[in-house]
Number of protein chains: 2
Amino acid sequence: MGGGLAGTEYELDRGIAVTAIGPGEYAAELDAGWVVGGGLNGGYLLAVIGNAIRTELLESGQPDPVSVSAYYLTPTVPGPAVVRVRRIRSGGARATVAATLTQVQDGVECERITVLAVFGDLDRMPAEIERELPPVVLPPLEQCLESRDAPEEVRRIAPLLERFGTRLDPAYAGWAIGEPSRSGIIQGWFRLVDDRPLDPVALLLVVDALPPVTFDLGLPGWAPTLELTVHVRRRPAPGWAIVRHATRTVAGGHFEEDCEVWDSEGHLVAQSRQLALLPRPPR
Amino acid sequence: MGGGLAGTEYELDRGIAVTAIGPGEYAAELDAGWVVGGGLNGGYLLAVIGNAIRTELLESGQPDPVSVSAYYLTPTVPGPAVVRVRRIRSGGARATVAATLTQVQDGVECERITVLAVFGDLDRMPAEIERELPPVVLPPLEQCLESRDAPEEVRRIAPLLERFGTRLDPAYAGWAIGEPSRSGIIQGWFRLVDDRPLDPVALLLVVDALPPVTFDLGLPGWAPTLELTVHVRRRPAPGWAIVRHATRTVAGGHFEEDCEVWDSEGHLVAQSRQLALLPRPPR
């Protein structure tokens, strides 16, 4: 049994494909194309786990992530991985599950990420919108900066940039030329470069797809995520999404990064918050 | 072995006391004094779980909650409960754990809440504050509304109000007289009525101590929490805290409630977000 979306022409679907190898147990092949810096992108890994949970819950009618909380334990590397999904509660419209992503390292199985999640069916939820955070206003696409135009040395350590069609708002992209705005914001237009439509599982990737918001504070470097929770609020419409990252409190060696994603119709489709460690200053 | 804080004169410490009954296994007696409406307050339950994790990790030097994500499964009732704590990773300054709170119902053990958490030592974190969300400006205490002054029929279904020294900002308390501001905000001063000092475990209670923000939208009733994540950012100073709840997107039958807590010195000490179900309209 494949992963529902496996075998299509899209890079993301190949990258998150899972194969059932036992009850609640799925094999994945983590793709080096989603590496950034020293490790695999946390959003990509969350989409792999999300796809395994989706596959596990498809038949019981709870295919969509509603809330996913991930705790990142040890750095994940490209290659084989196993996702195990355990149903905790599955009454009615929603299922609550625990999941882990593990890899074998030096002959020992290591837990990389541990997750709690609620899945449901976004199409069966009420349509009413009582109030909704409106999307940020971005400059037109042609005035935004393509991350694929980043310098060659950046693209070499971040091959995942080639998979994103991100167009960054230049107001918060000065860090790329050593002039961070120090606003604690990074925002832009987002699509996958092969136009793979965004769906609820893909949103788990989108909330961690922009550079860390610390770049805009003049703090380059890897910012390890301790915890990331995503709430998927609505099935996204096709087309360009708008993504905004912001941080408001950077203290005690930690910062939170809030992310909102709006679809091409202006609806809030996902929101997330992560707690991450401040990058260490370069030595 | 007691729960570290057990046996003191404070209501909260009595309510969250735990007793070790096996490896990683703690007994608690959930106190009917923390009931609101039909069930026990979700923040109180999180503080019980947090106290069990704290007790488990005290000796390894990771006594403080840093990030706690709770998934609420089934309604908890006053009486005996068991908290089980499983260490997932405990290298260096931080430990990651999974925990569950269970109760026996009709002879069967039922999982009530399942949690993932990172604990550490807030005193060993760097002191630098790079940026910090400033506290909201509230009217002076004497101009705010005491929740203990709520009508007798409210106090009867919410005995926990007697334990909180909440003083609500009147600008967002009109719902109490049928005139909600419809801003999606509830905020006020907070202390425990017996002046029990707020500490990191108590903050797990504080983030869920105000009435649901849906009251301010004219939507009274119980709003069941699906998921609640708290980040404790700093050890709180003694004295009155400031607490703000806000929601920005109420759609698809769900709403998020963001909470910030500042201590008496104006520092952001905790932030949380929960995803909850909209209360059903009264029939």
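**Confidence, core and aromatic contacts of the predicted model**

In this predicted model, chain A has a mean pLDDT of 93, and 96% of its residues reach 70 or more. Residues 1-6 of chain A are an exception to high confidence: pLDDT stays under 50 over this segment, for which the model has 16 contacts beyond four places in sequence. The scores for the model as a whole are ipTM 0.95 and pTM 0.95.

The nonpolar interior was examined next. In soluble globular proteins, nonpolar side chains tend to be buried together. Here the largest nonpolar core contains 146 residues, and the members that touch the most others are A:I53, A:V115 and A:V261 together with B:I53, B:V115 and B:V261. For B:I53, contacts outside the range of four places in sequence are made with B:V85, B:V97, B:A99, B:V115, B:A117 and B:F119; of these partners, B:V115 is itself among the members of the core that touch the most others.

A further view of the interior is given by A:V68, located in strand 5 (residues 64-72) of chain A. With a relative accessible area of 3%, A:V68 is buried. Beyond four places in sequence, A:V68 touches A:L46, A:V115, A:L116, A:A117, A:F119, A:L204, A:L228, A:T229 and A:V230, as well as B:Y71 of the other chain letter. The C-alpha atoms of A:V68 and A:V97 are 9.5 Å apart in space, while the two residues are 29 residues apart in sequence.

Aromatic side chains form a second set of contacts. A pair of aromatic rings is described by the distance of the centres and the angle of the planes. Over all chains, a search of the whole structure finds eight aromatic pairs. In one of them, the ring centres of A:W34 and A:F164 are 5.9 Å apart and the planes stand at 50°, so the pair is classed as tilted. A:W34 lies in the loop between strand 2 (25-30) and strand 3 (35-36) of chain A, whereas A:F164 lies in the loop between helix 3 (152-157) and strand 11 (167-168) of chain A; the pair therefore ties together parts that are 130 residues apart in sequence. Both A:W34 and A:F164 are buried. In chain B, the rings of B:W34 and B:F164 likewise have their centres 5.9 Å apart and their planes at 50°, so this pair is tilted. B:W34 belongs to the loop between strand 2 (25-30) and strand 3 (35-36) of chain B, and B:F164 to the loop between helix 3 (152-157) and strand 11 (167-168) of chain B, so that the pair links distant parts of the chain, 130 residues apart. B:W34 and B:F164 are also buried.

The surroundings of these rings include further aromatic and charged groups. Ring pairs join A:W34, A:Y44, A:F164 and A:F190 into a cluster. In addition, the charged end of A:R163 sits over the ring of A:W34, 5.5 Å from its centre, and the charged end of B:R163 sits over the ring of B:W34, 5.5 Å from its centre. B:W34 is also in contact with B:G39, whose other contact beyond four places in sequence is B:T76. B:G39 is found in strand 4 (residues 39-40) of chain B, and the C-alpha atoms of B:G39 and B:I157 are separated by 9.7 Å, although these residues are 118 residues apart along the chain.

Strand 12 (residues 185-190) of chain A was then considered. Six of its six residues are buried, so strand 12 is largely enclosed by the rest of the structure. Strand 12 of chain A runs antiparallel to strand 11 of chain A, to which two bridges join it; within this pairing, A:W189 is the bridge partner of A:R167. Strand 12 also pairs with strand 14 (residues 241-246) of chain A in the antiparallel sense, over six bridges, and here A:W189 stands opposite A:I242.

Backbone geometry was examined last. Most residues other than glycine have a negative phi. In chain B, however, B:D106 has a positive phi, near 50°. B:D106 occupies the loop between strand 7 (95-105) and strand 8 (108-120) of chain B and is exposed, with a relative accessible area of 76%. B:D195 also has a positive phi, near 60°, and is found in the loop between strand 12 (185-190) and helix 4 (200-206) of chain B.

Note on methods:
Residues are numbered from 1 along each chain as its sequence is written. Chains are lettered from A and ligands numbered from 1 in the order in which they are written. This is a predicted model: local features need pLDDT of at least 70, side-chain atom pairs count only at pLDDT 80 or more; totals for chains, interfaces and linings use all residues. Side-chain values use heavy atoms; hydrogens and water are left out. pLDDT is the predictor's confidence in each residue, from 0 to 100. Contact means heavy atoms within 4.5 Å. A nonpolar core is a set of buried Ala, Val, Leu, Ile, Met, Phe, Trp, Tyr and Cys residues joined through side-chain atoms within 4.5 Å. Buried means under 20% relative accessible area, exposed over 50%, partly exposed in between (1.4 Å probe, protein chains only). Rings of Phe, Tyr and Trp (its six-membered ring) pair if their centres lie within 6.5 Å; planes under 30 degrees apart count as stacked, over 60 as edge-to-face and the rest as tilted. Helices (H or I, at least four residues) and strands (E, at least two) are DSSP runs, numbered from the N terminus. A charge sits over a ring if NZ of Lys or CZ of Arg is within 6 Å of the ring centre and within 35 degrees of the ring normal. Two strands pair if DSSP finds at least two bridges between them.
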